[in-house]
Amino acid sequence: MDPKTAGTIVTAVATVTAAVLVATFQFAAKMREERRLARVALVEADARIAASFVDLMSRAHARGTSELSVSATEVVLQTGPLVDQLRSQLASQLTGPTDPVLLKRVDDVLDVLQLRVHAVGFAEQEAAMQAVVALGLQHPLLTQAAFTGLKDRNSFHPVWNFSDAEKALKARLQHDGQRFRPRRPDRPEYWFRRGRS
């Protein structure tokens with residue numbers, strides 16, 4: 001074989017091999033970045049679901065939205081004997097020993113002034129509780145929280161179809177506990193089961 005042809009072939013093979021290696025490394029880097037972005041998107045989605053879940057749980061437990069009445073607060077907190085007394089009491093707590101009873105009284109006064117809490121109707125509470133149960137059944141991340149919320153709500157106000165919802169959530173917890181999953185530290189169940197195995 002002609003040495004010139006052999007040199008050309010070796011150069012071509014080396015060029016193709018180098019191009020394949022560079023493309024492989026670029027592809028691997030791109031895949032790592034896509035996996036990282038997917039994990040970030042999953043965390044963001046979990047955070048949004050959890051925030052909505054907590055809001056639903058508040059409604060299910062009859063905690064409505066609250067708002068500050070600015071005009072009423074301004075009138076009450078205008079310079080005068082009440083504000084002067086409040087300032088002196090709070091200043092004494094900062095400079096001297098803390099008096100929990102006094103702080104509780106101050107907190108009660110401020111609580112009366114600050115908010116108007118809007119009522120949550122029974123139908124809204126019940127709908128929110130059913131949504132909490134449905135989300136708990138759908139998302140393993142929320143199952144335990146939904147189960148705890150359901151039992152707590154039922155302890156002070158009976159939940160419609162409580163026994164069915166409780167059985168379903170227990171079954172979901174049991175199913176998730178028995179499913180085979182690689183023991184990876186980025187999954188919550190890895191840390192819960194670590195001490196038991």
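The buried residues of helix α6 pack against three other helices, α1, α5 and α7. That makes α6 a handy place to start a tour of this predicted model.

**Helix α6 and its buried side**

Which residues of α6 are buried? They are Leu142, Thr143, Ala146, Phe147, Gly149, Leu150 and Arg153. The length of the helix can be checked too: α6 has 17 residues, and at 1.5 Å a residue they should span 24 Å, while the end C-alpha atoms lie 26 Å apart, so the two values agree.

**The core**

In soluble globular proteins, nonpolar side chains tend to be buried together. Here, the largest nonpolar core has 16 residues, and those touching the most other members are Phe53, Met129, Val132, Val133, Leu150 and Leu169. Two or more residues each come from α1, α5, α6 and α7. Of these helices, α5 gives the largest share, 5 residues.

The residue ranges of the four helices may help you find them in the structure:

| Helix | Residues |
|---|---|
| α1 | 3–60 |
| α5 | 122–138 |
| α6 | 140–156 |
| α7 | 162–178 |

Met129, one of the core residues with the most partners, is worth a closer look. Leaving aside residues up to four places away in sequence, Met129 touches Ala60, Gly149, Leu150, Arg153 and Val159.

**From α6 to α7**

Asn161 sits in the loop between α6 and α7. Most residues other than glycine have a negative phi. Asn161, however, has a positive phi, near 50°. Is Asn161 buried or exposed? Its relative accessibility is 25%, so Asn161 counts as partly exposed, since buried would require under 20%.

Just beyond, in α7, comes Glu166. Glu166 is buried but has no salt bridge; the nearest side chain of opposite charge belongs to Lys170, 4.1 Å away. A salt bridge would need the charged atoms to be within 4 Å. Apart from residues up to four places away in sequence, Glu166 touches Phe147, Leu150 and Lys151.

**The whole protein**

Stepping back, the protein contains 8 helices and 2 strands. Along the sequence they follow the pattern α-β-α-α-α-β-α-α-α-α. The protein has 197 residues, and 19% of them count as buried. Its accessible surface comes to about 14200 Å², with 63% belonging to carbon and sulfur atoms. Finally, among contacts between residues at least 6 apart in sequence, 65% join residues at least 24 apart.

Methods. Residues are numbered from 1 along each chain as its sequence is written. This is a predicted model: local features need pLDDT of at least 70, side-chain atom pairs count only at pLDDT 80 or more; totals for chains, interfaces and linings use all residues. Side-chain values use heavy atoms; hydrogens and water are left out. Helices (H or I, at least four residues) and strands (E, at least two) are DSSP runs, numbered from the N terminus. Buried means under 20% relative accessible area, exposed over 50%, partly exposed in between (1.4 Å probe, protein chains only). Lys and Arg count as positive and Asp and Glu as negative; His and the chain ends are not counted. Contact means heavy atoms within 4.5 Å. A nonpolar core is a set of buried Ala, Val, Leu, Ile, Met, Phe, Trp, Tyr and Cys residues joined through side-chain atoms within 4.5 Å. The expected span of a helix is 1.5 Å times one less than its number of residues. Accessible areas come from the Shrake-Rupley method with a 1.4 Å probe; for residues, only the protein chains shown count as cover.
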